[in-house]
Amino acid sequence: MKVLILSFSANKVNEDSFVPNKIGLTFSCVNLCKEELEKNGNEVEHICINKKDIKKCMACGSRGWGKCLKEHRCVMNDDFNDIYNEMSKFDVYVFVTPVYFWEMSESAKTFFDRLKRCDAFNDKSQIRGKKIVSIACAGGSGSGTGETLKSFDILNHFLKTEMIGRISVTKSNFEEQKSLIKKAMKMEE
Ligand SMILES: Cc1cc2nc3c(=O)[nH]c(=O)nc-3n(C[C@H](O)[C@H](O)[C@H](O)COP(=O)(O)O)c2cc1C
């Protein structure tokens, strides 16, 4: 299968990583997913959304809808449309976000805001019916992982995708949660 991993943290797994997390939990999870998926014979691509130019939705047209409603594309000229079109080539999406303030990260919210608008009412959607795995990466407390995964449930509802894995990881339980991630990367329902 072709699997697209989208991640939403700027922190890398190296010594230069900045506060608050030197380990880079999101990247650690991405690396584990990629390793497992490839081991299981899948073709994997990873895009770190933080490295892309994706602006916030302008709610540009009348009554809050722009061309996204009827034309299923965004009028803004940044990296969003290319990634949206690229998504059609994959069978499965793995979304990996840090938990900030009990929510998915800002780059995740910005990306999914625009994705929902373009795709939720697209009868020719190339995303609908595809499988998704959501991973929420939190700090020590793990507060807000449930809420973050709930947001992915809402996304799953609007995109009409099929959620096959919801995993919360914290800095302290990463080692134990590795087995759950590995299981999810087998892509069984
Ligand atoms: C602005 C901000 C808000 C955060 N909010 C939460 C939170 O609500 N719950 C939690 O458990 N951790 C929270 N954290 C900690 C991060 O989720 C944690 O450090 C995570 O590993 C960050 O991902 P990263 O390793 O990819 O940077 C927050 C961190 C930042 C920077």
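**Figure 1. Surroundings of Val 92 in strand β3 of the predicted model.** Val 92 is buried, because 22 other C-beta atoms lie within 10 Å. A residue is called buried if 20 or more other C-beta atoms lie within 10 Å of its own, exposed if 12 or fewer, and partly exposed in between, with C-beta atoms placed from the backbone. The residue belongs to strand β3; strands (E, at least two residues) and helices (H or I, at least four) are DSSP runs numbered from the N terminus. Leaving out residues up to four places away in sequence, Val 92 touches Met 1, Val 3, Lys 130, Lys 131 and Met 187. Two residues are in contact if their C-beta atoms, placed from the backbone, lie within 7 Å. Ile 127 is 35 residues from Val 92 along the chain, and the two C-alpha atoms are separated by 9.2 Å. The model is predicted, so that local features need pLDDT of at least 70 and side-chain atom pairs count only at pLDDT 80 or more, while totals for chains, interfaces and linings use all residues. Residues are numbered from 1 along each chain as its sequence is written.

**Figure 2. The fold of the protein chain.** The chain contains 6 helices and 6 strands, arranged along the sequence as β-α-β-α-α-β-β-α-β-α-β-α. Its radius of gyration is 16 Å, which agrees with the value near 16 Å for a compact globule of 189 residues. This radius is taken over C-alpha atoms, and the globule rule is 2.2 Å times the number of residues to the power 0.38. Along the principal axes, the C-alpha atoms fill a box of roughly 50 × 35 × 25 Å. Buried residues make up 33% of the 189 residues. Among contacts with a separation of 6 or more, 75% join residues 24 or more positions apart.

**Figure 3. The largest nonpolar core and Cys 137.** A nonpolar core is a set of buried Ala, Val, Leu, Ile, Met, Phe, Trp, Tyr and Cys residues joined through C-beta atoms within 7 Å. The largest such core has 42 residues, of which Ile 5, Cys 29, Val 96, Ile 135 and Cys 137 touch the most other members. Two or more residues of this core come from each of β1 (2-7), α1, β3, α4 (106-119), β5, α5 (145-159), β6 and α6. Beyond its neighbours up to four places away in sequence, Cys 137 touches Leu 25, Thr 26, Cys 29, Val 96, Thr 97, Pro 98, Val 99 and Val 169.

**Figure 4. The shell around the ligand.** The ligand is surrounded by 20 residues, of which Ser 9, Thr 26, Pro 98, Ala 138 and Gly 139 come nearest. A residue is near the ligand if its C-beta atom, placed from the backbone, lies within 6 Å of it. At least two residues of the shell are supplied by each of α1 (25-39), β3 (92-100) and β5 (131-138), and β3 gives the most, with 3 residues. By class, the shell has 9 nonpolar, 10 polar and 1 charged residues. Here Ala, Val, Leu, Ile, Met, Phe, Trp, Tyr, Cys and Pro count as nonpolar, Asp, Glu, Lys and Arg as charged, and the others, Gly among them, as polar.

**Figure 5. Helix α4 and its packing partners.** The end C-alpha atoms of α4 are 20 Å apart, which agrees with the 20 Å expected for 14 residues at 1.5 Å a residue. The expected span of a helix is 1.5 Å times one less than its number of residues. Among the buried residues of α4 are Phe 111, Phe 112, Arg 114, Leu 115 and Arg 117. The buried residues of this helix pack against α2 (68-71), α3 (80-87), β3, β4 (103-104) and α5.

**Figure 6. The loop between β2 and α2.** Ile 54 is found in the loop between β2 (43-48) and α2, and is partly exposed, with 19 other C-beta atoms within 10 Å. Apart from neighbours within four places in sequence, Ile 54 is in contact with Ile 49, Asp 78, Asp 79, Phe 80, Thr 110 and Phe 111. Phe 111 lies 57 residues away in sequence but 6.8 Å away in space, C-alpha to C-alpha. Ala 59 lies in this loop, and so does Arg 63. Most residues other than glycine have a negative phi. Phi is positive in Ala 59, near 45°, and in Arg 63, about 50°. Ala 59 is exposed, with 12 other C-beta atoms within 10 Å; Arg 63 is exposed, with 6.
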